[in-house]
Amino acid sequence: MHDSVSQDLYGIRLGAYTAREALDSDPGEAIAPLEYVITLTEAGLAEMRALISELRPESLAFEGVIAAITKQVAVLRTRYKLSVYAQLIEEPPLSPERKQALYRIAQEALHNIVKHACASTVTLRLSSQEGKLILEVCDDGKGFDPTGPFPGHLGLLSMQERAVQMGGTCSIESAPEWGTYFRVCIPILPHEKPGDAGVVGERH
Ligand SMILES: Nc1ncnc2c1ncn2[C@@H]1O[C@H](COP(=O)(O)OP(=O)(O)OP(=O)(O)O)[C@@H](O)[C@H]1O
Ligand SMILES: [Mg+2]
């Protein structure tokens with residue numbers, strides 16, 4: 001998701017030049033290129049924030065998995081103009097490795113939506129229930145046949161593997177023209193205290 005920032009910078013430069021020229025002739029004409037500059041700047045900033053925290057291996061332990069997922073959500077909104085409904089519990093008490101695995105699963109699910117789904121709305125929910133963490137990612141895109149096979153494609157496989165490694169399960173419901181519902185259920189281990197059930201929800 002992070003390969004577009006240099007394109008943003010080119011666009012920002014072009015928008016700024018166009019606005020400057022317009023200021024000399026017809027200042028009203030500067031508004032559209034300036035709006036363009038603002039949009040590109042916001043998308044670039046969201047993407048850089050997500051990228052910078054990904055480059056710091058300790059950031060998941062430091063900032064938490066919820067903050068990391070929230071940054072990915074910001075990228076979906078600003079860069080890909082998706083309407084994302086995110087409902088996330090407070091930071092779950094997982095080990096740093098398990099946080100990393102959960103983050104990678106969420107990231108791949110979101111990445112797949114951007115890459116394949118042609119969706120307009122995404123629902124992302126992380127909840128805790130009876131000693132389990134449940135991650136649900138749902139899109140209203142074109143759907144697919146999840147029974148595959150997808151030779152040479154590793155994303156779904158790696159999500160499945162990560163969920164199983166965490167002692168959990170992973171399921172996908174999808175059909176062409178129907179959208180996709182992706183669900184991962186992970187047990188909270190005995191030494192991991194159940195997370196606060198307080199839910200923080202927001203819509204954009
Ligand atoms: N949310 C989705 N909406 C529509 N199609 C999807 C979605 N998620 C996955 N797919 C389909 O499932 C296939 C397999 O996904 P998978 O993540 O395994 O591979 P990939 O994204 O193509 O490549 P990569 O190995 O980089 O992840 C995709 O090629 C795509 O056709
Ligand atoms: Mg993929």
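Start by selecting Gln87, which counts as partly exposed because its relative accessibility is 22%, just past the 20% limit under which a residue is called buried. Keep in mind as you click along that this is a predicted model.

**Stop 1: around Gln87**

Gln87 sits in strand 1, residues 83–89. Show its side chain together with that of Arg125, and you will find a polar contact of 2.9 Å between the two. Now add Glu97 and draw a C-alpha to C-alpha distance from Gln87: ten residues along the chain correspond here to 23 Å in space.

Stay in strand 1 and pick Val84. With 0% relative accessibility, Val84 counts as buried. Select Thr121 as well: although the two positions lie 37 residues apart in sequence numbering, their C-alpha atoms are 5.8 Å apart.

**Stop 2: from Arg125 to Glu136**

Return to Arg125 and display Glu136. These two form a salt bridge, with the closest N and O atoms 3.3 Å apart. The pair joins strand 2 (residues 121–129), which holds Arg125, to strand 3 (residues 132–139), which holds Glu136, across eleven residues of sequence. Arg125 is partly exposed at 29% relative accessibility, while Glu136, at 13%, counts as buried.

**Stop 3: the magnesium ion**

Next, select ligand 2, the magnesium ion. Which protein atoms act as its donors? They are the OE oxygen of Glu108 and OD1 of Asn112, at 2.0 to 2.1 Å from the ion. Both Glu108 and Asn112 are buried. Colour helix 5 (residues 96–117) and you can see the spacing: the two residues are four apart in that helix, so about one helical turn separates them.

**Stop 4: elsewhere on helix 5**

Move along helix 5 to Arg98. Its relative accessible area is 11%, so Arg98 is buried. What does Arg98 touch, once neighbours within four places in sequence are set aside? Its contacts are Met166, Ile186, Pro187, Ile188, Leu189 and Glu192.

Then select Lys99 and Glu91, whose side chains meet in a salt bridge of 2.9 Å, N to O. Lys99 is buried, with a relative accessible area of 10%, whereas Glu91 is partly exposed at 31%.

**Stop 5: where the two domains meet**

Zoom out and colour the chain by domain: domain 1 covers 1–55 and domain 2 covers 65–204. Their centres, taken over C-alpha atoms, are 30 Å apart. At the interface, 15 residues of domain 1 are in contact with 14 residues of domain 2. Together the domains bury about 1100 Å², of which 57% is on carbon and sulfur atoms.

How many salt bridges run between domain 1 and domain 2? The count is two. On the domain 1 side, helix 1 (5–25) and helix 2 (31–55) each supply at least two of the residues that touch domain 2. Helix 2 gives the largest share, ten residues.

**Last stop: Arg79**

Finish by centring the view on Arg79. One salt bridge links the side chains of Arg79 and Asp8, at 2.6 Å from N to O. Arg79 also forms a salt bridge with Glu47, where the closest N and O atoms are 2.6 Å apart. This second pair connects distant parts of the chain, since Arg79 lies in the loop between helix 4 (65–78) and strand 1, and Glu47 lies in helix 2, 32 residues away. Arg79 and Glu47 are both buried. Show Asp8, Glu47 and Arg79 together, and you have a network of salt bridges on screen.

Note on methods
Residues numbered from 1 in each chain as written. Chains lettered and ligands numbered in written order. Predicted model: local features only at pLDDT ≥ 70, side-chain atom pairs only at ≥ 80, totals over all residues. Heavy atoms only, no water. Donors = N, O, S within 2.8 Å, 3.2 Å for Na, K, Ca; no water. Buried < 20%, exposed > 50% of the residue type's maximum accessible area, 1.4 Å probe, protein only. Polar contact = N/O pair within 3.5 Å; in protein donor to acceptor, adjacent residues only side chain to side chain. Domains from an automatic or database assignment. Contact = heavy atoms within 4.5 Å. Buried area = accessible area lost by both parts, 1.4 Å probe. Salt bridge = Lys/Arg side-chain N within 4 Å of Asp/Glu carboxyl O.
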